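User: I have a new model on my screen and would like to know what stands behind the words used for it. Could you walk me through them?

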Amino acid sequence: MPQPIARDQSRTLRSPQDLARAGLVQAEAVRALEAVAARYATAITPAMAALIKPDDPADPIALQYIPDVAEMITAPHELGDPTADAPFTPVKGVVHRYPDRALLKPLLACPVYCRFCFRREKVGPDGGLLTEAELQEAFLWFEGKTAIREVILTGGDPLMLSARRLGEILGRLAGMAHIETLRIHTRVPVADPARITAALVGAMRQAKPVFIAVHANHAREFTPDAAVALARLADAGVPLLGQSVLLRGVNDDAPAMEALLRAMIRNRIKPYYLHSLDPAPGTARFQVPEEDGLALMAALRGRLPGHALPLFMHETPLGGGKKPVE
Ligand SMILES: *Cc1c(COP(=O)(O)O)cnc(C)c1O
Ligand code: SF4
């Protein structure tokens, strides 16, 4: 008999054994899932584990975070680096594809590991923290690139950094005369809301605006704790944007997507992008045909306020950048 979920568990579940003990996978499945977890980082926070209904085989929260043996199969069209970051990396941790903005990835750890992640070949708990020297090299690169007006912190998840470290990085970038805005892409406010402390919010107070793009894919991810975390950020004057991935079985019908977008606007998040899934290895079970995504967007148009509609975007081949699906 699987154990009921311990609602009060205080630590992130990281192994198939942990998941079985919490009743989130069957004991018989553990061995096969260990191979998946050895290949792709696996973690689910207590906040997200508590949302899963273990007797629902199609639970939209479980689908996003619980590993599946299907991940061991890489479809012919799937790519290790689907957004082609590597050829656009001038120095370690930086991706520069557009003239006016570039990414800085200070670390590759995340609060949870999403099974559909486009950077799944790179992200993980013990890789990718830039050394002090590498970070300084990245800062020097940004200093020399005066056409860049926005730095986007991503990873991994930048809100896994300590408040002090994050504040130092934002402060250094905000101090560059040509940098006008900063942006942080994160799943922390929904996946691990307890990390949004007063100190972390304080780190957003910079001489230049700091925007936060919150990654969420299902209305249920907006727990009461997530609402508190998001209100702290919004009350501090941080503009909140929403970004989601269109995922089969999670948000690919109009009621689920409507509920997600309404949850965002109730939490002062302006829905920004709905991403078509990037073909990362072993993610085929999440793929939604783009025609279906376009039909979904059309169905939403009359159902929601205009400001609640995100742009439906995909990554163009060979690192051509993001474009609206049409
Ligand atoms: C996605 C991305 C950005 C941000 O693009 P926006 O359309 O401004 O959200 C910037 N640089 C790179 C390399 C990206 O992949
Ligand atoms: S939080 Fe973002 S970077 Fe991390 S696993 Fe999920 S999608 Fe990938």
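User: Why is A295 called partly exposed?

Analyst: A295 has a relative accessible area of 47%. Buried means under 20%, exposed means over 50%, and partly exposed is the range in between, worked out with a 1.4 Å probe on protein chains only. The value of 47% therefore puts A295 in the partly exposed class. A word on the source: this is a predicted model, in which local features need pLDDT of at least 70 and side-chain atom pairs count only at pLDDT 80 or more, while totals for chains, interfaces and linings use all residues. Residues are numbered from 1 along each chain as its sequence is written, chains are lettered from A and ligands numbered from 1 in the order in which they are written, and side-chain values use heavy atoms, with hydrogens and water left out.

User: Where is A295 found?

Analyst: A295 is found in helix α11, which spans residues 290-301. Helices are DSSP runs of H or I with at least four residues, strands are runs of E with at least two, and both are numbered from the N terminus. From A295 to A138, the C-alpha atoms are 42 Å apart, with the two positions 157 residues apart along the chain.

User: What makes L153 count as buried?

Analyst: Its relative accessibility is 1%, so L153 falls in the buried class. L153 lies in strand β3. Setting aside residues up to four places away in sequence, L153 touches L104, P158, L166, I169, L170, L173, R183, I184 and H185. Contact here means heavy atoms within 4.5 Å.

User: I169 is on that list. How do you know that I169 is buried?

Analyst: I169 has 2% relative accessibility, and therefore counts as buried too. The residue belongs to helix α6, and its C-alpha atom is 9.5 Å from that of L153, 16 residues away along the chain. Beyond four places in sequence, the contacts of I169 are L104, P106, L135, F139, L153 and L161. L104 thus appears among the contacts of both L153 and I169. T131 is 38 residues from I169 in sequence and 13 Å away in space, C-alpha to C-alpha.

User: Why is I148 called buried?

Analyst: The relative accessible area of I148 is 0%, so the term buried applies. I148 sits in the loop between α5 (132-144) and β3. With neighbours within four places left out, I148 is in contact with H96, P99, D100, R101, A102, W141, F142, H178 and I179.

User: What sets A84 and R268 apart from a glycine with positive phi?

Analyst: Both are residues other than glycine: phi is near 55° in A84 and near 65° in R268. A84 is in the loop between α4 (60-65) and β1 (94-98), and R268 is in the loop between α10 (254-266) and β7 (269-275). A84 is buried because its relative accessible area is 13%, while R268, at 45%, counts as partly exposed.

User: Which pocket does ligand 2 sit in, and which residues are around it?

Analyst: Ligand 2 sits in the largest pocket. To sit in a cavity or pocket, a molecule needs more than half of its atoms within 2 Å of its grid points. Around ligand 2 are C110, V112, Y113, C114, C117, R187 and H215, where being near means having a heavy atom within 4 Å.

User: What makes Q243 buried?

Analyst: Q243 has a relative accessible area of 11%, so it is buried. Q243 lies in strand β6, residues 240-245. Outside its neighbours within four places in sequence, Q243 is in contact with H185, A213, V214, H215, A216, M264, Y273 and H275. One of these, H215, is also around ligand 2.

User: How do you know where the domains are?

Analyst: Their bounds come from an automatic or database domain assignment. That assignment gives domain 1 (16-72) and domain 2 (86-324). Their centres, taken over C-alpha atoms, are 24 Å apart, and 24 residues of domain 1 are in contact with 29 residues of domain 2.

User: What kind of peptide bond runs from G155 to G156?

Analyst: That bond is cis, with omega near 10°. G156 is in the loop between β3 (150-153) and α6 (163-174).

Technical notes. 1 Å grid on protein atoms, 1.4 Å probe; cavity = no way out; pocket = protein on both sides within 12 Å on 5 of 7 lines; lining within 4 Å.
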